[in-house]
Amino acid sequence: MLKIPVLLITILLHSAGIASAQWLLQNSGTDAEFRGISAASDSVVWAAGRNGTFARTVDGGATWRADTVPGATSLFFIDVHAVSDSVAYLLGTSFDGGLARIYKTRDGGARWTEVYSNGAPGVFFDGLAFWDSERGIAFSDPVDGAFLIISTANGGATWETVPPENAPQPLSGEAGFAASGTAITVAPGGRVWIGTGGAGSARVLMSNDWGQTWTAATTSLPASESAGIFGIAFRDPQVGVAVGGDYQAPNDSSLNVLQTIDGGQTWTLVSRSLPYGVRYGVAYVRVGETWFLVAVGPSGWGYSTDDGATWRYIDSLGYNTAGAAPGGPVWAAGVDGRIAKFRPPAR
């Protein structure tokens with residue numbers, strides 16, 4: 001494992017009526033592209049990326065250690081879930097299709113155990129999420145005409161496949177986007193939401209029973225083979241935001257932020273992100289009494305304090321994914337091993 005001090009690059013941002021915020025660019029110890037990031041606390045963060053690469057900090061980003069999982073270099077780790085400084089899960093997908101695996105470590109990444117593997121034709125996993133240290137869920141693009149959703153109730157020791165008839169029938173071309181690992185999110189009490197695209201309409205699949213039965217809500221966000229919902233986040237069981245756009249039009253100024261106030265039953269297209277362009281990853285964090293929503297994409301990143309209705313610009317440096325532990329800070333990760341730490345402004 002390689003250990004390199006953080007780059008001392010701090011950018012100060014000023015907005016009228018709001019105290020300054022700052023973001024700090026990290027040195028992750030690798031140039032691999034990241035698409036997954038997860039914070040177990042304000043000091044413990046794991047990132048996941050191309051060619052079986054992962055990275056970890058246990059000191060709030062002062063230093064990072066990067067390595068690869070043996071036997072997984074053909075996989076792109078498109079999502080990660082951090083439980084603690086020692087325990088984490090990695091979800092890997094072959095971008096050639098037909099292979100996906102989940103790995104778990106109990107010793108800080110020194111050793112990894114393969115806890116799930118699927119080599120069926122068409123398998124392409126897009127994200128995973130955990131309610132707690134035992135209960136988790138992951139989903140793939142449709143296989144044999146049905147959504148493939150798996151869940152665990154014993155810390156990944158075993159994974160059960162949700163019966164296909166318990167999920168909505170996929171639309172023609174419908175799939176998830178493995179750009180950020182945030183196309184799936186969970187909330188207490190067994191609630192879970194998945195954002196899709198690829199078809200004529202972007203949809204949100206939702207469950208209130210730990211992913212055992214599902215319904216779907218159609219949204220007004222345009223969708224196509226390259227467009228739809230890329231990221232989804234909830235700050236409580238009722239209020240949530242989904243973001244997306246078209247990855248073939250990374251700077252398009254079309255509306256690309258959806259908002260729900262009824263737990264995902266209905267969605268309203270409320271705004272366009274700042275900067276303009278497709279958003280891949282999204283994350284909520286509460287600082288004091290304020291909920292901050294950070295959304296990232298190839299054109300840069302910004303934040304909202306009114307559930308996506310209006311946005312403030314952070315920077316034009318592109319990222320794929322974002323994540324945060326309760327209370328912050330927010331972490332973003334992307335190409336060239338890029339990781340940044342953003343501390344929302346005091347209000």
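Strands, as the term is used here, are DSSP runs of E with at least two residues, numbered from the N terminus. The model described is a predicted one.

**Positive phi angles outside glycine**

Trp210 lies in the loop that connects strand 18 (201–207) with strand 19 (215–222). The phi angle of Trp210 is near 65°, which is a positive value in a residue other than glycine. Because its relative accessible area is 28%, Trp210 counts as partly exposed, the limits for that class being 20% and 50%.

A positive phi in a residue other than glycine also occurs at Asp307, where the angle is near 60°. Asp307 is placed in the loop between strand 26 (300–304) and strand 27 (312–315). With a relative accessible area of 14%, Asp307 is buried, since buried means under 20%.

**Cis peptide bonds**

Two peptide bonds that lead into proline are described next, with their omega angles.

| Peptide bond | Form | Omega |
|---|---|---|
| Leu274 to Pro275 | cis | about -5° |
| Gly328 to Pro329 | cis | near 0° |

Where in the fold do these prolines lie? Pro275 is found in the loop between strand 23 (268–271) and strand 24 (281–287). Pro329 belongs to the loop between strand 28 (321–324) and strand 29 (330–333).

**Summary**

Loops between strands hold Trp210, Asp307, Pro275 and Pro329. Trp210 is partly exposed, whereas Asp307 is buried.

Note on methods
Residues numbered from 1 in each chain as written. Predicted model: local features only at pLDDT ≥ 70, side-chain atom pairs only at ≥ 80, totals over all residues. Heavy atoms only, no water. Helix = DSSP H or I, 4+ residues; strand = E, 2+ residues; numbered from the N terminus. Buried < 20%, exposed > 50% of the residue type's maximum accessible area, 1.4 Å probe, protein only.
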